[in-house]
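Me: I would like to go through the ligand site, the empty spaces and the backbone geometry of this protein, one question at a time. Please reason briefly before each answer.

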Amino acid sequence: MIEPIEHAADILSKAKSAVALTGAGISVESGIPPFRGKGGLWEKIDPMKVAHIDAFLDDPETVWKLLIKDMKTVLDTARPNPGHIGLVDLERLGILKTVITQNVDGLHQMAGNSDVIEFHGNFAWQSCLDCNQSIKTSQVDLTQMPPRCSCGGILRPDCVFFGEMIPHDALIRSQRVSAACDAMLVIGTSALVQPAATMPLIAKDNGAVIIEINPEPTPLTSRISDLPLLGGAGSIMPRLLKAIRRRGPST
Ligand code: APR
């Protein structure tokens, strides 16, 4: 009986257009808490009260204080972990083409992946609700709550709040690359939020092998994932890359 990680290495070493779908779990080992499960943010605060666009527009100060300020503190110091690095190695081996991420932490780009689709936007930039000017989050003055633009308008992060549409280009490209890939690595997502959680179904429908990396089972594990690798991304990815390198470059 072949070890699942060896089987996954067999599949990936022959893959030509693998795609990764990542969620908050891949950044847990970078010190960023997930939303659900152990230590999840939504175990402490109701997302509909702080992460819904109506809640933000109704009381931006509270959302900035309860959610965004802490996010900025954590994201300012977060760095890629071996899970992110493993995806960069897969790209450099010519195996991985695109990362579709639900995360807004920018760690895939910081690690070095060159094609990252930010399905839920990103936290690196803020926009003014009045004049729509963009300002880097690192330059936002947090001494006033909510932070304001030079025009006096309130700033909002360029992340997708609940109640908002997924950026059109991100959605269309994600569907396209998911339909075209020959393998999909689904890493660190509870697969509960749509339409991101549909990407593995599109990939599977088009013949891709689904490899899932997560310490816990998800709704995908028993029905969609061909190769569930139970464990943390930070430990599984280096082992997976080692097994792939043992197989040498594919012909
Ligand atoms: N390695 C891999 N997976 C992990 C690790 C780890 N070290 N630690 C936890 N996980 C898994 C958890 O078991 C869980 O299945 O990561 C998953 C995190 O799930 P969520 O917190 O729900 O994150 P995500 O799936 O990205 O959430 C989707 O919901 O709130 C919205 O916009 C937010 O993008 C987010 C979306």
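Me: Which residue has a polar backbone atom 2.6 Å from an oxygen atom of the ligand?
Reply: The model is a predicted one, and the distances quoted here are computed from its atoms. An oxygen atom of the ligand is 2.8 Å from a polar backbone atom of Ala24, and one is 2.6 Å from an N or O atom in the side chain of Ser190. The backbone contact at 2.6 Å is made by a polar atom of Phe35.

Me: How much of the accessible area that the ligand has on its own does the protein cover?
Reply: The ligand has oxygen contacts with the backbone of Phe35 and with the side chain of Ser190. Taken on its own, the ligand has 730 Å² of accessible area, and the part of this that the protein covers is 90%.

Me: How many charged residues are in the shell around the ligand?
Reply: The ligand is surrounded by 21 residues, with Phe35, Arg36, Thr189, Ser190 and Asn214 among the closest. Divided by class, this shell has 9 nonpolar and 9 polar residues, and the number of charged residues is 3.

Me: Where does the ligand lie with respect to domain 1 and domain 2, and why?
Reply: The assignment divides the chain into segments, with domain 1 made of 1-32 + 80-120 + 166-251 and domain 2 made of 33-77 + 122-159. Because both domains give residues to the shell around the ligand, the ligand lies between them.

Me: Which helix and which strand each supply at least two residues of the lining of the second largest pocket?
Reply: The second largest pocket holds about 220 Å³ of space, and its lining has 14 residues, of which Leu75, Asp76, Phe123, Ala124 and Thr137 lie nearest its centre. At least three lining residues come from each of domain 1 and domain 2. The elements that each supply at least two residues are helix H4 (60-77) and strand E4 (121-128).

Me: How many charged residues are in the lining of the second largest pocket?
Reply: The lining of this pocket comprises 14 residues in total. By class, they divide into 5 nonpolar and 4 polar residues, with the charged ones numbering 5.

Me: Which strand gives the largest share of the lining of the largest cavity?
Reply: A search of the whole structure finds 1 cavity of 30 Å³ or more, and the volume of the largest cavity is about 30 Å³. The residues that line this cavity are Glu212, Asn214, Glu216, Thr221, Pro228, Leu229 and Leu230. Two or more of the lining residues come from each of strand E8 (209-214) and strand E9 (227-230), and the largest share, 3 residues, comes from E9.

Me: What is omega for the cis peptide bond that joins Gln194 and Pro195?
Reply: Most peptide bonds are trans. One cis bond runs from Met145 to Pro146, with omega near -10°, and Pro146 is placed in the loop between strand E5 (134-136) and strand E6 (155-159). Pro195 is found in the loop between strand E7 (183-187) and helix H8 (199-205), and for the cis bond that joins Gln194 to Pro195, omega is about 5°.

Me: Which residue has a positive phi of about 70° although it is not a glycine?
Reply: Most residues other than glycine have a negative phi. The residue in question has its place in the loop between E4 and E5, and the residue with a phi of about 70° is Asn132.

Terms used:
Residues are numbered from 1 along each chain as its sequence is written. This is a predicted model: local features need pLDDT of at least 70, side-chain atom pairs count only at pLDDT 80 or more; totals for chains, interfaces and linings use all residues. Side-chain values use heavy atoms; hydrogens and water are left out. A residue is near a molecule or strand if one of its heavy atoms lies within 4 Å of it. A polar contact is a pair of N or O atoms within 3.5 Å; within protein, one must be able to donate a hydrogen and the other to accept it, and residues adjacent in sequence count only if both atoms are side-chain atoms. Accessible areas come from the Shrake-Rupley method with a 1.4 Å probe; for residues, only the protein chains shown count as cover. Ala, Val, Leu, Ile, Met, Phe, Trp, Tyr, Cys and Pro count as nonpolar, Asp, Glu, Lys and Arg as charged, and the others, Gly among them, as polar. Domain bounds come from an automatic or database domain assignment. On a 1 Å grid over the protein atoms alone, a cavity is a set of points where a 1.4 Å probe fits but cannot get out, and a pocket is an open set with protein on both sides within 12 Å along at least five of seven lines; lining residues have an atom within 4 Å of a point. Grid points are joined across faces, edges and corners, and a volume is the space filled by probe spheres set on the points. Helices (H or I, at least four residues) and strands (E, at least two) are DSSP runs, numbered from the N terminus.
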